[in-house]
Structure formats: C-alpha cells, structure tokens
Amino acid sequence: MANFLKTNRIFTPVRKYGWLFTVLVAFGGLYEPKLGLSVLLIMVGLLITSFFNGRYWCGNICPHGSLYDRILLPLSRNVEIPAFLKSKTFIVLFFVLFMINFVRRALVAFQAWGTYDFLDKFGFIFVTTYLVVLVIGGTLALLTTPRTWCQFCPMGSMQIAVHWLGKAIGVTQKTEKKLTISDKAKCRNCGKCAMVCPFQLKPYLEFSENNQFENINCIKCATCVKNCPVGILSITLSTAKRGRKNS
Ligand code: SF4
Ligand code: SF4
C-alpha cells in the first residue's frame with residue numbers, strides 16, 4: 001500500500017481562510033439564498049485561470065480545497081483514492097449528470113425571471129450545490145483523502161476542458177507555470193514529492209525531457225516543492241519559453 005504523509009499545505013492567507021467562504025455560502029445561504037450568486041464569481045475566476053494556467057485554482061484559491069486541506073486533512077484517514085473515482089468513465093458520467101441536474105434546476109428558476117424571487121431561486125441552486133459538495137466531499141475527505149472529491153469535481157473537469165482550449169490555441173505555452181525539476185540527476189528517488197501530493201501524483205517518475213511535470217491534474221499547490229529534501233523543485237514557466245527569453 002502506498003505511503004501518504006500529512007504535511008502542511010497552507011502557504012497563503014487565501015488557502016488558510018478560503019474555507020470560510022464555503023461555510024458562509026453553504027449554511028448562510030439557507031437563510032439568505034442570494035449569497036449563492038457569489039459562486040458565479042468563483043466560476044468566472046476558475047475558468048479564466050484555467051485558460052492560462054491549468055488547475056491552478058484548485059490548488060491555490062478554491063474555497064472547498066481550503067476546507068479539505070486546512071480543516072479536514074488532520075481528521076482524514078489519508079489513504080489511497082479509490083481508482084474508480086479517478087476513472088474517465090466516472091468523471092464524464094458525473095459531469096453529465098451534474099450538468100443535467102443544474103440546467104433542469106436553472107430552467108425552473110428562470111420561470112421566475114423578472115420577479116424579485118428570481119435572484120433567490122437562482123442563488124439557492126448554488127447554495128444547495130455548495131452544501132452537497134461540502135457533505136459528499138467532506139465525507140470522502142474523512143474516509144479516504146481530503147482531495148478525493150477533486151478527482152471528479154465538475155468544476156475541475158471544466159478547468160481541464162478550458163485549459164485544453166488554451167493549449168490548443170497556443171496560450172498556455174506562454175503563460176502556464178508547471179512543476180519543474182532543476183536537475184534530474186540530483187533527485188534521490190525518495191518519493192517524498194509523491195507521498196505529500198494532495199492528488200497522489202508521482203511527479204518524480206514523470207518529469208518530461210524539458211524537466212517539467214505535464215500532468216494536467218497537478219494543481220500547482222507547491223506542497224512537493226516545500227517538502228523535497230534536496231530543494232530541486234519549483235513551479236515555473238515552461239522551460240522552452242524561458243529558453244526563448246534567454247536566447
Ligand atoms: S505534483 Fe506537487 S504541485 Fe502538483 S499537485 Fe502534487 S504536490 Fe501539488
Ligand atoms: S522529493 Fe525531491 S529528491 Fe525526492 S523523489 Fe521527489 S524530486 Fe526526487
């Protein structure tokens with residue numbers, strides 16, 4: 001069985017206190033449904049950042065991520081993520097069902113368009129969604145590992161799709177920062193980067209020829225960077241891009 005370590009993943013104030021937003025929307029929204037409308041800003045933010053920088057949002061800004069890493073990590077069993085929850089079939093199926101349910105509920109809310117009730121009804125969709133993510137994601141976090149929900153989170157899937165678009169039109173090559181190893185020869189193959197990774201990735205086994213970790217599921221959280229005993233990891237722009245700059 002793989003060995004996973006619980007280490008600090010909180011390196012910024014956003015990651016330290018972001019979870020308060022989740023609690024505010026999920027519970028406060030039950031009394032003031034308009035609070036749910038603030039989730040629209042979250043969606044805009046994650047779509048913009050993913051276009052330029054992959055799943056950066058998941059590792060650095062997501063309020064649910066903050067809840068999982070700050071509040072639930074100490075309580076989690078922190079064991080291996082069940083393989084089926086990471087499978088493409090499950091991820092796609094979950095995304096489709098999520099979107100069907102969201103559109104169905106949005107259509108009902110839009111029947112109140114033009115009335116004062118509309119904002120409450122529309123906002124309440126996001127409130128209940130946040131509550132469901134808190135309950136399901138939180139339960140999975142306790143029983144498995146904090147970032148299990150993130151494996152099939154529909155917002156994560158949307159980020160992967162938008163990142164693909166940014167990559168296809170050549171934007172990410174100039175803007176995306178990736179986990180980078182300065183010198184592969186100095187790597188001790190100790191696997192510490194894999195043991196502390198919230199997504200249970202194995203960067204030390206997958207660095208590309210240009211010394212970067214190309215896995216789209218890397219959320220650029222820098223936990224491995226802080227824990228590498230040799231200090232050879234960083235999160236930097238594409239080495240090809242830097243090479244062009246320096247030439
Ligand atoms: S590989 Fe490193 S930066 Fe990427 S998700 Fe894992 S710990 Fe975070
Ligand atoms: S933690 Fe550093 S030294 Fe250890 S395997 Fe990962 S990159 Fe190599």
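## Helix H3, the two domains and the ligand shells

In H3, the residues Val 39, Ile 42, Leu 46, Thr 49, Ser 50, Phe 51 and Asn 53 are buried. The structure described here is a predicted model. The cover over these buried positions of H3 includes the helices H2 (19–28), H4, H7 (117–143), H8 and H9 (172–175), together with strand E1 (177–181). H3 itself consists of 15 residues and spans 20 Å from its first C-alpha to its last, close to the 21 Å expected at 1.5 Å a residue. After the helix comes Gly 54, which has a positive phi, near 60°.

### Domain arrangement

The protein is divided into two parts, domain 1 covering 13–163 and domain 2 covering 176–246. Their C-alpha centres are 27 Å apart. Across the boundary, 17 residues of domain 1 are in contact with 11 residues of domain 2. On the domain 1 side, the elements that contribute two or more residues are H3 (39–53), H4 (56–60) and H8 (154–168). H4 supplies the largest share of that side, with four residues. Sorted by class, the side of domain 1 that touches domain 2 has seven nonpolar, six polar and four charged residues.

### Strand E1 and helix H6

The burial of E1 may be set beside that of H6. In E1, four of the five residues are buried, so the strand is largely enclosed by the rest of the structure. Its partner is strand E2 (residues 233–237), with which E1 pairs in the antiparallel sense over five bridges. Within this pairing, Lys 177 stands opposite Leu 237 in E2.

For H6, the number of buried residues is zero out of 23, so this helix lies largely in the open. H6 occupies residues 88–110 and reaches 32 Å from its first C-alpha to its last, close to the 33 Å expected at 1.5 Å a residue.

### Surroundings of the ligands

Ligand 1 is surrounded by 15 residues, of which Cys 197, Cys 218, Cys 221, Thr 223 and Cys 224 come nearest. The shell of ligand 1 divides into 12 nonpolar residues, two polar and one charged. Around ligand 2 there are 14 residues, and the closest are Cys 187, Cys 190, Cys 193, Tyr 204 and Cys 228. By class, the shell of ligand 2 has 10 nonpolar, two polar and two charged residues.

### The loop between H10 and H11

Three residues of the loop between H10 and H11 deserve separate description. Gln 200 is found in this loop and has a positive phi of about 55° although it is not a glycine. Asn 211, which also has its place in the loop between H10 and H11, is likewise not a glycine and has a positive phi of about 65°. Most residues other than glycine have a negative phi. Gln 212 is found in the loop between H10 (192–196) and H11 (223–227) as well. In space, Gln 212 lies 14 Å from Cys 187, C-alpha to C-alpha, with a sequence separation of 25 residues.

The burial of these residues follows from their neighbour counts. Gln 200 has 20 C-beta neighbours inside 10 Å and therefore counts as buried. Asn 211 has 16 such neighbours inside 10 Å, so it counts as partly exposed. Gln 212 is buried, with 23 other C-beta atoms within 10 Å.

### Ser 66 and Thr 12

Ser 66 lies in helix H5 (residues 63–72). Ser 66 is buried, because 23 other C-beta atoms lie within 10 Å. Leaving aside neighbours within four places in sequence, Ser 66 is in contact with Arg 15, Gly 18 and Trp 19. The C-alpha atoms of Ser 66 and Met 43 are 16 Å apart, and the two residues are 23 residues apart in sequence.

Thr 12 lies in the segment before helix H1 (13–17). With 12 C-beta neighbours inside 10 Å, Thr 12 counts as exposed. Between Thr 12 and Tyr 68 there are 15 Å in space, C-alpha to C-alpha, and the two are 56 residues apart in sequence.

The three residue pairs are collected below.

| Pair | Apart in sequence | C-alpha to C-alpha |
|---|---|---|
| Thr 12 and Tyr 68 | 56 residues | 15 Å |
| Gln 212 and Cys 187 | 25 residues | 14 Å |
| Ser 66 and Met 43 | 23 residues | 16 Å |

Notes:
Residues numbered from 1 in each chain as written. Chains lettered and ligands numbered in written order. Predicted model: local features only at pLDDT ≥ 70, side-chain atom pairs only at ≥ 80, totals over all residues. Near = placed C-beta within 6 Å. Nonpolar A, V, L, I, M, F, W, Y, C, P; charged D, E, K, R; others polar. Domains from an automatic or database assignment. Contact = placed C-beta atoms within 7 Å. Expected span 1.5 Å × (residues − 1). Pairing = 2+ DSSP bridges.
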